[in-house]
Amino acid sequence: MRISGTALQSFVRALTGREAKPRHAGFVRFLDPDGQPIDEGLLLYFPAPGSFTGEDVVELQGHGGPVVMQMLLSRCLELGARLAQPGEFSRRAFLNGRMDLAQAEAVADLIEARSAAAARSALRSLSGEFSRKVDALQQELMDLRMLVEATLDFPEEEVELLEREGAAERIVAVRSMLEQILDGASQGAILRNGLNVVLVGEPNVGKSSLLNALAGEERAIVTEIAGTTRDALRETIEIEGIPVNVIDIAGLRETSDPVERIGVERAWHEISRAHVALRVVDARAGKTEGDVKIDRGLPSGVEVITVFNKIDLSGGAPVRREGEHGVELMVSAKTGAGMSLLRDELLRVVGWHGGDEDVVLARERHLVALRSALGHVREAGAPGLRLELAAEELRLAQLALGEITGEFTADDLLGIIFSRFCIGK
Ligand code: GDP
């Protein structure tokens, strides 16, 4: 159990009858109001400000078990604690300056990461790598603003000062830095959100085999959601660390079973957000009437890739070609021929161009802010722009970046961000 607040020394005294030694693991008894032990275990005390939240933090490690936990919790509530809201620890850490907003979000992203690559990139954000880049850009924008605004005050030196300080070149440099960060963040958004794929095709064309071949060694760790059947309907695999959610439309049948129906409804919802449909066809038979019918059920924006499977039987070579209905691939799920073409194709659709150190697990709001900043910096660098306007564009760019780290973030946005955390974080 984790408790954060002010003056927790007296809280500890009441709970254990002892003084807490800062930053030591102490073996204690947790006592009820009559001084009778509820449980015994370890107590850790982190005095403010050297704690996760920046406040006094106490951690209690008991034996657990629902009843004992409940008794200990009740006792803590009696002593004046209250239950934390989702994300409240991180929110306090943010408000007390222990981390910025991008880092706080990385806590949640780390916990929710759906692949090892996503976890690694969340950890990079958490350690402040993303924030440091954003801060550095903000600082440079601030310097440029001062320069431009100083020039406004002393117009006779205008051109000379700006030239001496290389203002134009510096704006170009900021722009290319921003482009680079935005690219890394866009890649991170792919890592975070994954790729939604629907698998369509007649029975026995090899959809399940294809899925297994795609998953290869990298089969993802999948959390089962209570109440849904993980039958033929839905599967998550990983390609280069990107979570790929695959839905097999063949599993979507009319059903009267209420639990199954929820699963089917959810699947249709996911299909409506699909990036790509893999239409699997037996290479020997080609497209059938049934395939054409299925196509009509697909959402309009989805990109269709036709996969001619079983080329080991039909005798074709593994190739990619662009047909009249989009990309066509010749593969064999059985021999693995052409499977790398399929993987590359899926990565191309989602816009992934390889994971490198610059990838941060960005959220949509980060992308929006980065794009906005980039737009303003581009404007500021436009040839012949009046200096007053350039100064204003630089200011707006700086403001947009400040939203990422939470420097200029409205309270209601904070509420939204932290309410999506889980309780206890
Ligand atoms: P689904 O009903 O579309 O999911 O098809 P399955 O994946 O269950 O495959 C149907 C049958 O085709 C199985 O016996 C597979 O072993 C076989 N199969 C799938 N892909 C290939 C392939 O590329 N080559 C050959 N020779 N057989 C395949």
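Select Ala7 to begin: at 55% relative accessibility this residue counts as exposed (over 50% relative accessible area, with buried under 20% and partly exposed in between, for a 1.4 Å probe and protein chains only). Ala7 is found in the loop between β1 (2–5) and α1 (8–16), and its phi is near 50°, a positive value in a residue other than glycine. The model is predicted, so local features need pLDDT of at least 70 and side-chain atom pairs count only at pLDDT 80 or more, whereas totals for chains, interfaces and linings use all residues. Residues are numbered from 1 along each chain as its sequence is written, and side-chain values use heavy atoms, with hydrogens and water left out.

Next, select Arg23, in the loop between α1 and β2 (25–31), where phi is near 60°, again a positive value in a residue other than glycine. Arg23 is exposed, with a relative accessible area of 54%.

Then go to Ala48 and Pro49, which are joined by a cis peptide bond with omega about 0°; Pro49 lies in the loop between β3 (37–46) and β4 (56–61).

Finally, display helix α6 (residues 129–153) with helix α8 (residues 167–193), which pack at an angle of about 160° with their axes 11 Å apart. The two helices are therefore roughly antiparallel (an angle over 145 degrees). The contact (heavy atoms within 4.5 Å) includes Phe130, Leu137 and Leu144 of α6 and Ile171, Val174 and Ile181 of α8. By class, the contact of α6 with α8 has 11 nonpolar, no polar and 4 charged residues, with Asp, Glu, Lys and Arg counted as charged.

Terms used
Axes are lines fitted to C-alpha atoms, for helices over the stretch in contact, and angles run from 0 to 180 degrees between N-to-C directions. Helices (H or I, at least four residues) and strands (E, at least two) are DSSP runs, numbered from the N terminus. Angles under 35 degrees count as roughly parallel, over 145 as roughly antiparallel, 65 to 115 as roughly perpendicular and the rest as oblique.
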